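Colleague: I should like to go through this model with you, element by element. Please give the criteria behind each term as it arises.

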Amino acid sequence: MRSQYLVKDLLKEITNTLNPYIPRASREAQLLLMAHLECDELWLITNQNTLLENLEELFAWVERRANNEPFEYIINKVSFYSEEFYIAPGALIPRPETEILIDEVLKRVPDKNAVLTFAEVGVGSGIISIMLALHLPNAKFIAVDISEAALAIAKINIEKFRLEDRIELRLGSLLEPVSEEIDYLVSNPPYIANDVFLESNLSYEPQNALFGGSIGDEIIQELLNEALKRNINFFTCEMGYDQQDKISHYLANKKYEALEFYKDYSGFDRGFSLRL
Ligand SMILES: C[S@@+](CC[C@H](N)C(=O)[O-])C[C@H]1O[C@@H](n2cnc3c(N)ncnc32)[C@H](O)[C@@H]1O
């Protein structure tokens with residue numbers, strides 16, 4: 001690698017470096033360069049002959065991307081529900097389908113100014129509690145995670161959106177650290193069975209954010225138990241595409257008012273809302 005490049009030559013160089021390792025190398029080269037320069041696509045197109053230097057950080061990024069590390073971890077940014085969040089290894093990269101969970105919750109809160117207490121189990125980067133807090137100005141959130149690394153990332157995002165007074169982070173498992181009365185429980189828990197083989201880029205994400213136990217739905221069942229035991233009004237939860245039957249079966253003899261499942265953008269079962 002040289003110390004100076006014209007934009008057009010740099011794009012070719014990065015594309016050639018990435019090509020053997022990842023698909024869409026030329027597009028990825030553009031995205032990495034745009035993130036490094038904090039410029040948009042128009043600037044890139046109209047500045048093909050601009051000379052660039054101080055490229056050490058960019059070349060380190062290219063090497064990480066060639067090793068299949070997710071783009072979002074490299075640039076420390078992720079977009080979710082049209083907002084930009086900080087992300088780093090230690091918290092799951094938010095997935096687009098989790099945006100549906102936000103809509104499912106908001107649908108069930110007709111009075112957006114209601115004073116409500118939410119608990120979130122598995123806050124990760126903080127996206128769920130933060131997006132709900134932005135839409136529900138009088139709601140308070142107790143957001144739990146077993147991972148200190150995830151809580152540190154959530155804290156950065158909560159501060160970014162100035163929600164420190166309405167989202168409280170707590171370290172612990174499930175609802176153990178929550179003794180308060182809760183109106184609404186939300187969660188995108190780990191729900192993949194331990195023995196499922198995942199693509200290599202997922203190996204960069206925290207394994208305790210992905211795997212939910214030997215069957216996969218163990219944490220969901222524990223949360224269902226908690227919701228029933230504590231008589232929480234609503235519980236909205238993301239789940240695996242093949243877990244609907246097991247969840248219905250598990251709730252068959254339990255007392256609740258309504259159970260509704262929702263699908264993701266590809267038409268797969270992806271979550272449920274339980275009214276107690
Ligand atoms: C699938 S990630 C969801 C992260 C974030 N809410 C999102 O939707 O992107 C699951 C999160 O649950 C946390 N977690 C796993 N087991 C837990 C447990 N027993 N109690 C609390 N949190 C747990 C993981 O550390 C991880 O941050």
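The exchange below moves from the overall architecture to individual residues.

Colleague: What kind of model is this, and which pLDDT is required for side-chain atom pairs?

Modeller: Residue numbers start from 1 along each chain, following the sequence as written. The model is predicted; totals for chains, interfaces and linings use all residues, local features need pLDDT of at least 70, and side-chain atom pairs count only at pLDDT 80 or more.

Colleague: How many helices and strands does the protein have?

Modeller: Both kinds of element are DSSP runs numbered from the N terminus, helices being H or I runs of at least four residues and strands E runs of at least two. Along its principal axes, the C-alpha trace spans about 65 × 40 × 30 Å. The protein contains 10 helices and 13 strands.

Colleague: What distance separates the centres of domain 1 and domain 2?

Modeller: The domain bounds come from an automatic or database domain assignment. That assignment gives domain 1 as 5-67 and domain 2 as 81-275. Taken over C-alpha atoms, the separation of their centres is 36 Å.

Colleague: What percentage of the residues in the protein is buried?

Modeller: The classes rest on C-beta atoms placed from the backbone: a residue is buried if 20 or more other C-beta atoms lie within 10 Å of its own, exposed if 12 or fewer, and partly exposed in between. Of the 276 residues in the protein, the buried share is 34%.

Colleague: Which helix gives the largest share of the largest nonpolar core?

Modeller: A nonpolar core is a set of buried Ala, Val, Leu, Ile, Met, Phe, Trp, Tyr and Cys residues joined through C-beta atoms within 7 Å. The largest one has 67 residues, and those with the most contacts inside it are Ala 119, Leu 132, Leu 185 and Leu 223. The largest share of this core, 6 residues, comes from helix 7 (residues 127-135).

Colleague: With which residues is Leu 185 in contact, leaving aside its neighbours within four places in sequence?

Modeller: Two residues are in contact if their C-beta atoms, placed from the backbone, lie within 7 Å. With neighbours up to four places away in sequence left aside, the partners of Leu 185 are Ala 119, Leu 223, Ala 227, Ile 232 and Phe 235.

Colleague: At what angle do the axes of helix 2 and helix 4 cross?

Modeller: Axes are lines fitted to C-alpha atoms, for helices over the stretch in contact, and angles run from 0 to 180 degrees between N-to-C directions. Glu 28, Leu 32, Leu 33 and His 36 in helix 2 meet Glu 57, Leu 58, Trp 61, Val 62 and Arg 65 in helix 4. The axes of helix 2 (residues 25-37) and helix 4 (residues 56-66) come within 10 Å, and their crossing angle is roughly 140°.

Colleague: What is the phi of Asn 54, and where does this residue lie?

Modeller: Asn 54 is exposed because 9 other C-beta atoms lie within 10 Å. Its phi is positive, about 55°, although the residue is not a glycine. Asn 54 lies in the loop between strand 2 (51-52) and helix 4.

Colleague: Where does Arg 162 lie?

Modeller: Arg 162 has a positive phi near 55° and is a residue other than glycine. It counts as exposed because it has 8 other C-beta atoms within 10 Å. Its location is the loop between helix 8 (148-160) and strand 7 (167-171).

Colleague: Why does Lys 140 count as partly exposed, and which residues does it touch?

Modeller: Lys 140 lies in strand 6 (residues 140-145). It counts as partly exposed because it has 18 C-beta neighbours inside 10 Å. Not counting residues up to four places away in sequence, Lys 140 touches Thr 117 and Arg 166.

Colleague: Which residues are in contact with Pro 177, leaving aside its neighbours within four places in sequence?

Modeller: Pro 177 is found in the loop between strand 7 and strand 8 (184-187). It is partly exposed because 16 other C-beta atoms lie within 10 Å. Leaving aside neighbours within four places in sequence, its contacts are Val 144, Arg 170, Leu 171 and Gly 172.

Colleague: How far apart in space are Glu 260 and Arg 162, C-alpha to C-alpha?

Modeller: Glu 260 is found in strand 12 (residues 258-263). Leaving aside neighbours within four places in sequence, Glu 260 is in contact with Phe 272 and Ser 273. Glu 260 and Arg 162 are 98 residues apart in sequence, and their C-alpha to C-alpha distance is 33 Å.
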